[in-house]
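Here's a quick tour of a protein fold, written for someone meeting one of these for the first time. Have a look at the structure, then read on.

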Amino acid sequence: MLAEQFTQREAEQLMRFLLEDLFGIDRKMELMNPSMRIDEEQYARLSDAAERLLEGEPIQYITGKVWFDGLLFHVDESVLIPRPETEELVQLAAPELPMDKPLRIWDVGTGSGCIAIALAKRFPQATVTAFDVSEKALATARKNAILNKVDVEFVCDDVLNPQSEAWDQPVDLVVSNPPYIRESEKASMEHNVLGFEPSTALFVPDDDPLVFYRQILKLGTSQLNPGGLFLFEINEALGEEMLQLGQEMGFDGTVLEDYHGRARFARFATTLTGC
């Protein structure tokens, strides 16, 4: 069935992944038990999963889980699927602040909670607050915090129209992977992203693609503790624009590349004459 859209090797890998994830049948078990067969109920579940794959649904939504920074996360269509590039954002944050001191961290636009939860694991003494405009996304994030046994404060609020008092707390590290794909870039995107992942977490208007970064910097500036900083995942086509925005708001900025050599992250810290 999967061979209709995937190569033979890809189809085999997908089926083995589904067999292991759905039924715990791994390659070793297959080799040790060559006569092993799945029952009718298992076959029906496997066929349903294969049909969903053929329709373009990401396998992470089918299995309902994904690994991120060594942790297991539940995902569904209320949240973006955590990606390896975003793991790098967490890894960038790790050496920036002391792990054994009480810190306050904001994750703005938390989605599945992957960034906030991974940072809560890395900074066990920190108070982590995760913001999102979507109650459905926050419900998923709360499940993930319980799954990974960390305490994170989840706040439902719109960063573009902030109402929560949580924004009034001093903060040491502000991290965000906000919407940054311009509407005009939709044409180059894959169907499995456009058709299934939440568009509100992906897209920004062409005439103001840095709207979320500007607002996050504005909100965080007055609350940032000495030595604090902002770390963002960004649109690789807008690195220069990000640096200019940071300079306009009084920050020293650096654009950093991901493992693929793409301008993927921005780091901002206060200047001597800054905020």
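What follows goes from the whole protein down to single strands.

Keep in mind that this is a predicted model. The protein has ten helices and eleven strands, and seven of the strands line up in one open sheet.

**Overall size and packing**

- The C-alpha trace spans about 70 × 40 × 35 Å along its principal axes.
- Why does a radius of gyration of 21 Å agree with a compact globule? With 275 residues, such a globule would come out near 19 Å, so the 21 Å of this protein fits that picture.
- Of the 275 residues, 49% count as buried.
- About 14300 Å² of the protein is exposed, and carbon and sulfur atoms supply 49% of that area.
- Take the contacts with a separation of 6 or more: 63% of them come from residues 24 or more positions apart.

**The seven-stranded sheet**

- Reading across the sheet, the order is β5-β4-β3-β6-β9-β11-β10, and the pairing is mixed.
- Which strands sit at the edges? They're β5 (153–156) and β10 (251–257), and each of them pairs on one side only.
- On average, neighbouring strands of this sheet are turned by 15° against each other, direction ignored.
- As a bit of background, strands in a sheet pair through backbone hydrogen bonds, either parallel or antiparallel.
- Strands β3 (residues 104–108) and β6 (residues 171–176) run parallel and are joined by four bridges. If you want to spot a pair, D107 has V175 in β6 as its bridge partner.

**Helices lying across the sheet**

- Helix α5 (residues 84–93) lies across β6, β9 (224–233), β10 and β11 (263–270). Its direction is at about 165° to β9.
- Helix α9 (residues 211–221) lies across β3, β6, β9, β10 and β11. Helix α9 also runs at about 165° to β9.

**The β1–β2 hairpin**

- Strand β1 (residues 65–68) runs antiparallel to β2, and four bridges join the two.
- Where does K65 point you in β2? Opposite K65 stands H74.
- The two strands make a hairpin with two residues between them. In the turn, D69 has a positive phi of about 50°.
- Side chains in a regular strand alternate between the two faces of the sheet.
- Strand β2 (residues 71–74) has L71 and F73 on a covered face, while L72 and H74 are on an uncovered one.

Key: Residues are numbered from 1 along each chain as its sequence is written. This is a predicted model: local features need pLDDT of at least 70, side-chain atom pairs count only at pLDDT 80 or more; totals for chains, interfaces and linings use all residues. Side-chain values use heavy atoms; hydrogens and water are left out. Two strands pair if DSSP finds at least two bridges between them. Axes are lines fitted to C-alpha atoms, for helices over the stretch in contact, and angles run from 0 to 180 degrees between N-to-C directions. Contact means heavy atoms within 4.5 Å. The radius of gyration is taken over C-alpha atoms; the globule rule is 2.2 Å times the number of residues to the power 0.38. Buried means under 20% relative accessible area, exposed over 50%, partly exposed in between (1.4 Å probe, protein chains only). Accessible areas come from the Shrake-Rupley method with a 1.4 Å probe; for residues, only the protein chains shown count as cover.
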